[in-house]
Amino acid sequence: VQYFKEESRKGLEYRFSTNAFKKLRESPDWESKKKEYYERLESELEMIAKTGFSGYFLIVSDFIKWAKAHQIP
């Protein structure tokens, strides 16, 4: 569960650095919005952990990473 949470947080940080968040990062209320994203992530992570699906998401993530590495859509 801990590994899943760490990877999820890293993934959110990565997404914040992409162009998809550029406009939001430049807004004056970015810190407040960023906090909302983290709160939502923590809420979702707790629900996933409670239901026991952490392992499932990690396995699916491995499949997706492998497929992308082998140019499989």
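These questions and answers cover salt bridges and one serine in a predicted model.

Residues are numbered from 1 along each chain as its sequence is written, and side-chain values use heavy atoms, leaving out hydrogens and water. In this predicted model, local features need pLDDT of at least 70 and side-chain atom pairs count only at pLDDT 80 or more, while totals for chains, interfaces and linings use all residues.

Student: How many salt bridges does a search of the whole structure find?

Tutor: Side chains of opposite charge can pair when their charged atoms come close. A salt bridge here is a side-chain nitrogen of Lys or Arg within 4 Å of a carboxyl oxygen of Asp or Glu. The search of the whole structure gives a count of 6.

Student: Which residue meets E7 in a salt bridge?

Tutor: Look in helix α1, residues 2-16. Helices are DSSP runs (H or I, at least four residues), as are strands (E, at least two), numbered from the N terminus. The partner is 3 residues from E7, about one helical turn. At 3.4 Å, N to O, that partner is K10.

Student: Is K10 buried or exposed?

Tutor: Buried means under 20% relative accessible area, exposed over 50%, and partly exposed in between (1.4 Å probe, protein chains only). E7, at 26%, is partly exposed. K10 has 51% relative accessibility, so this lysine counts as exposed.

Student: What is the N to O distance in the salt bridge of E42 and R9?

Tutor: The side chains of E42 and R9 meet in a salt bridge. This pair links distant parts of the chain, 33 residues apart: E42 sits in helix α3 (residues 30-51), R9 in helix α1. E42 is partly exposed at 26%, and R9 is partly exposed at 27%. The N to O distance is 2.8 Å.

Student: Which residue meets E44 in a salt bridge?

Tutor: E44 and its partner both lie in helix α3, 4 residues apart, about one turn of the helix. E44 is partly exposed, at 34%. The partner is exposed, at 56%. The bridge spans 2.7 Å, N to O, and the partner is R40.

Student: Is S8 buried or exposed?

Tutor: S8 lies in helix α1. Its relative accessible area is 19%. The cut-off for burial is under 20%, so S8 is buried.

Student: Which residues is S8 in contact with, leaving aside its neighbours within four places in sequence?

Tutor: Contact means heavy atoms within 4.5 Å. S8 itself belongs to helix α1. With those sequence neighbours set aside, the contacts of S8 are L41 and L45.
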